[in-house]
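Look at the charged side chains first, then at the nonpolar interior. The paragraphs below take them in that order.

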Amino acid sequence: MEDNNHKDVFAHFGLAAYYAQCFEMELKNIFMLSIRANHRTLSPGFVDQNEAILDKKTLGILVRNIRKVVSLDDDCISALDTALSNRNNLMHGFYERHATDLSQRGCKVAIRELEVYTETFKFADMVCRSVSGVLCKVLGISEQLVQSELERMKQEANSSEPGNA
């Protein structure tokens, strides 16, 4: 067993998990934008309450319920379903399935599987971002506003890190 092979598997696992999380967050963004589209005036408490509700939902429930919120073609639904299945395979048993063969060849097989998962998560995220982009346009939320808010949030996060006080 070579440690570098294992490190590569761990790195690819982390990357796949990151993109799975991006996909999940973009799904939640669609729900929040839809709520905004249906309620022109929202209190911060109402927004917080809805975010808390979404945070408790599993990815499977989010994928199933998105069909009730927006109209998606069969290819988009398939992309979301595939990403959900791959995310479940990633988080529930990936290492168990690969634990018996962590040889150089086994690590390559695991990495290839992780690369496939990563690509499906990226594609599902892109599908979701296209939907949220349309919703943003309908709501008059510009890309500049989104980027400005993202930058503000990054600065806020960096200032709250230990040693940055």
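Lysine 122 has a relative accessible area of 32%, so it counts as partly exposed (buried is under 20%, exposed over 50%, partly exposed in between, with a 1.4 Å probe and protein chains only). The model is predicted: local features need pLDDT of at least 70, side-chain atom pairs count only at pLDDT 80 or more, and totals for chains, interfaces and linings use all residues. Residues are numbered from 1 along each chain as its sequence is written, and side-chain values use heavy atoms, without hydrogens and water.

Lysine 122 forms a salt bridge with glutamate 119, at 3.7 Å from N to O (a side-chain nitrogen of Lys or Arg within 4 Å of a carboxyl oxygen of Asp or Glu). Both residues lie in helix 6, three residues apart, about one turn of the helix (helices are DSSP runs of H or I, at least four residues, numbered from the N terminus). Glutamate 119 is partly exposed, at 47%.

The structure holds nine salt bridges. Another joins glutamate 24 to lysine 28, at 3.9 Å from N to O. These two residues are four apart in helix 1, which means about one helical turn separates them. Both are buried, and a network of salt bridges links Glu24, Lys28 and Asp55.

The largest nonpolar core has 40 residues, and Phe23 is among those touching the most other members (such a core is a set of buried Ala, Val, Leu, Ile, Met, Phe, Trp, Tyr and Cys residues joined through side-chain atoms within 4.5 Å). Helix 6 supplies the largest share of this core, 13 residues.
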